[in-house]
Amino acid sequence: MTAADKAPAGESAAEARRRKNAARKARRMARNQAEAMPVVEADGPRQERVVDAELVAPAPRGGLIEVFQQPYLLKLIVSRQLAQMYAASLLGLAWSYVQPAMRFGVYYFVMGFILSLHKGTPYFALHLFTGMVAVHYFGETWAGGTRSIWQNKALVKKMRMPREIFPVASTVVAAYHTLPQILVLVIFCLICGWHLTWTAVAAGVLGVLILVAFAMAMGLFFSALNVFYRDFQNIVSTIMQFMHFLVPMMYPFTLVWAAHETHPWLYNIYVANPVTQGVLLLQRFFWYPLIEDTEGLGQHFPPDMWQRGLITLAVCLVLLWLAQRFFSRVENKFPERL
Amino acid sequence: MSVSIQVENVSKQFTLQYHRTLKQMAVASIRRLALSEQFLAVNDVSFTVEQGESVGLMGLNGSGKSTLLKLINGVMRPDEGSIRTRGRIAGLIATGAGFHPQLTGRENLFLNGAILGMSEAETKRKFDAIVDFADIGKFMDTPVSHYSSGMYARLGFSIAIHVDADIFLADEVLAVGDRPFKKKCMAKMQEIRQQGTTIFYVSHATASVRAMCDRVLVLESGRLNYDSKVVDAGSVEGGIHYLQYDDADKDDEDTDEELGADI
């Protein structure tokens with residue numbers, strides 16, 4: 001019969017027997033292995049090694065700051081991420097332009113010609129494209145950042161490094177993909193007669209800062225969540241589907257403004273979105289300076305755009321700090337959950 | 001001599017999660033099953049290692065050896081207690097380096113080197129030595145996912161040993177290598193040992209621990225139950241004896257009997 005008959009019943013006895021058996025097995029394995037490792041005896045004198053360093057914790061809580069102290073490592077991770085994206089793909093990097101170009105074509109055709117939204121908006125194509133660049137950057141950073149830790153689990157489990165480096169690398173990868181689009185945008189703006197003012201430049205800088213800070217905060221936060229529940233990467237892509245319609249790019253802001261008195265709550269939620277802020281500020285930079293007749297344009301920006309923008313930037317920086325706090329708290333659990 | 005590794009009252013707890021989807025969790029909570037369980041992998045361990053000491057870490061499977069190495073390496077942080085180390089740490093944890101499967105051996109070499117703290121210039125300087133030692137020839141430009149486990153271990157070990165670290169951790173990594181390579185690795189480890197590098201060596205092979213280590217630590221269910229420095233003033237033999245790895249075959253027969261009975 002079973003061994004349980006011989007031993008007194010009870011959890012601890014069974015446990016002890018299991019341990020004893022495990023010990024025996026390990027001993028036998030050790031005997032088999034004892035000669036398995038070749039023995040190389042030391043020869044020559046032992047030197048003393050003087051280590052010129054402090055006694056520190058092997059895993060410092062440097063966070064984002066530590067990431068930016070290692071630009072070489074960040075560069076390698078970014079190029080790794082790019083290489084991985086285009087592994088076994090014929091068109092390679094071109095895919096990140098084909099997709100936005102197609103989307104632009106569809107939106108331009110459906111919104112512009114079928115719904116004739118371009119009639120009230122001069123340079124509608126640039127109005128739309130500016131928004132698409134901003135949303136594309138945000139979406140790629142957020143979605144890429146969310147998946148980043150999970151995708152790099154082979155490294156995260158075995159090597160010590162500031163793990164914030166993966167979401168940060170997604171920010172850089174997204175910027176790398178967005179830059180040529182911005183270049184296209186600038187060229188078309190120049191063709192259409194771009195007369196920049198300092199106000200426009202300030203709007204552009206503020207808009208970029210808001211987008212980067214918000215995208216990085218979201219990427220950092222969701223990358224940690226995604227380690228625990230993979231549902232978050234689907235949630236992110238679902239929200240990003242909506243995001244294209246939640247910012248004033250395929251329709252002018254005037255339509256939203258028209259509703260601000262009848263639906264003050266909805267209006268406030270709409271403009272509180274940092275991506276909306278970023279899109280509006282970038283339109284102020286790229287699209288608005290093209291227009292000669294600004295009088296007949298109507299309320300194309302919120303009247304309190306600057307105050308809102310500065311407050312939103314401050315909020316985004318606080319969010320980034322909170323995301324970092326959250327990340328440091330839970331990252332200790334990453335190796336066992338991956 | 002200076003302190004190289006200082007481990008004070010370190011504990012590490014793991015959460016074993018049984019149910020991952022909401023549906024499974026709901027079913028489990030209706031049946032009153034535990035949703036998760038806590039498991040203490042390393043339990044209140046304290047020791048100090050001097051620079052240049054070579055420590056053999058022994059224990060049965062699942063006794064917390066790899067977890068302890070991960071804590072020293074910095075991949076995990078202890079839940080309680082503190083660990084402090086001096087200088088650069090390199091090594092291989094839980095059979096195999098942290099390679100990215102889609103990258104080639106060459107790209108992984110640079111990435112791994114950067115993570116271990118080497119600059120681009122330093123990696124380039126050591127590149128030939130690393131490739132020579134690993135001796136995997138044309139596979140340097142093949143993605144590592146196509147590597148055999150032996151090639152994987154070769155490249156990982158070669159990078160780690162060439163980092164010029166102050167602390168070297170070796171966790172049963174060489175189990176998959178062939179005999180000539182194992183011999184080469186052991187010789188290399190003796191070389192860095194003589195240069196004064198602190199070594200942590202995990203192995204069940206008593207003869208090789210005897211030759212490589214000055215001191216033996218034995219972990220049992222996460223507890224540090226034997227430290228040869230405390231008990232036998234540094235003898236390695238005591239640790240091997242403690243684990244009864246040098247026992248005669250006397251218990252083998254009844255083991256087989258019991259195993260037979262279990263079946």
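Chain B has 10 helices and 9 strands, where helices (H or I, at least four residues) and strands (E, at least two) are DSSP runs numbered from the N terminus. This is a predicted model: local features need pLDDT of at least 70, side-chain atom pairs count only at pLDDT 80 or more, and totals for chains, interfaces and linings use all residues. Residues are numbered from 1 along each chain as its sequence is written, while chains are lettered from A and ligands numbered from 1 in the order in which they are written.

**Confidence and overall build**

The model scores ipTM 0.83 and pTM 0.85. For chain B, the mean pLDDT (the predictor's confidence in each residue, from 0 to 100) is 81, and 85% of the residues reach 70 or more. Over residues 248-263 of chain B, however, the pLDDT is below 50, and this stretch has 9 contacts in the model beyond near neighbours in sequence. Two residues are in contact if their C-beta atoms, placed from the backbone, lie within 7 Å. Where pLDDT is low, the predicted coordinates should not be read in detail.

Chain B is divided into domain 1 (1-29 + 36-87 + 166-173 + 193-248) and domain 2 (97-164), with bounds that come from an automatic or database domain assignment. Taken over C-alpha atoms, the centres of domain 1 of chain B and domain 2 of chain B are separated by 26 Å. Of the contacts in chain B between residues at least 6 apart in sequence, 72% join residues at least 24 apart. Buried residues make up 48% of the 263 residues in chain B. A residue is buried if 20 or more other C-beta atoms lie within 10 Å of its own, exposed if 12 or fewer, and partly exposed in between, with C-beta atoms placed from the backbone.

**Helix H6 of chain B and the interface**

Helix H6 (residues 179-194) of chain B has 16 residues, which should span 22 Å at 1.5 Å a residue; its end C-alpha atoms are 23 Å apart, in agreement. The expected span of a helix is 1.5 Å times one less than its number of residues. In H6(B), the buried residues are Phe181(B), Lys182(B), Cys185(B), Met186(B), Met189(B), Ile192(B) and Arg193(B). Seen down the axis, the buried residues of H6(B) fall within an arc of 135°, so they line one face of the helix; the arc is that of the directions from the helix axis to the C-beta atoms. What covers them includes strand S3 (54-59), helix H5 (149-161), strand S6 (167-171), strand S7 (198-202) and helix H7 (206-212) of chain B. Just after H6(B), Gly196(B) takes a positive phi of about 95°.

H6(B) also matters for the contact with the partner chain, where 63 residues of chain B are in contact with 50 residues of chain A. On the side of chain B that touches chain A, the largest share, 8 residues, comes from H6(B). By class, that side has 24 nonpolar, 24 polar and 15 charged residues. Here Ala, Val, Leu, Ile, Met, Phe, Trp, Tyr, Cys and Pro count as nonpolar, Asp, Glu, Lys and Arg as charged, and the others, Gly among them, as polar.

**Helix H3 and Leu211 of chain A**

Helix H3 (residues 71-85) of chain A has 15 residues and reaches 21 Å from its first C-alpha to its last, close to the 21 Å expected at 1.5 Å a residue. Its buried residues are Leu73(A), Leu76(A), Ile77(A) and Arg80(A). They cover an arc of only 95° around the axis, which puts them on the same side of H3(A). These buried residues pack against helix H7 (165-191) of chain A together with H3 of chain B.

Leu211(A) is found in helix H8 (residues 198-228) of chain A, and is buried, with 25 other C-beta atoms within 10 Å. Leaving aside neighbours within four places in sequence, Leu211(A) is in contact with Ala134(A), Tyr137(A), Phe138(A) and Gly278(A).

**Loop residues of chain B**Three loop residues of chain B can be set side by side.

| Residue | C-beta neighbours within 10 Å | Class |
|---|---|---|
| Asp135(B) | 14 C-beta atoms | partly exposed |
| Asp164(B) | 16 C-beta atoms | partly exposed |
| His146(B) | 11 C-beta atoms | exposed |

Asp135(B) lies in the loop between helix H4 (120-134) and H5 of chain B, and its phi is near 55°, a positive value in a residue other than glycine. Asp164(B) sits in the loop between H5 and S6 of chain B, with a positive phi near 65°, again in a residue other than glycine. Most residues other than glycine have a negative phi. His146(B) lies in the loop between H4 and H5 of chain B; the C-alpha atoms of His146(B) and Thr104(B), 42 residues apart along the chain, are separated by 9.3 Å.
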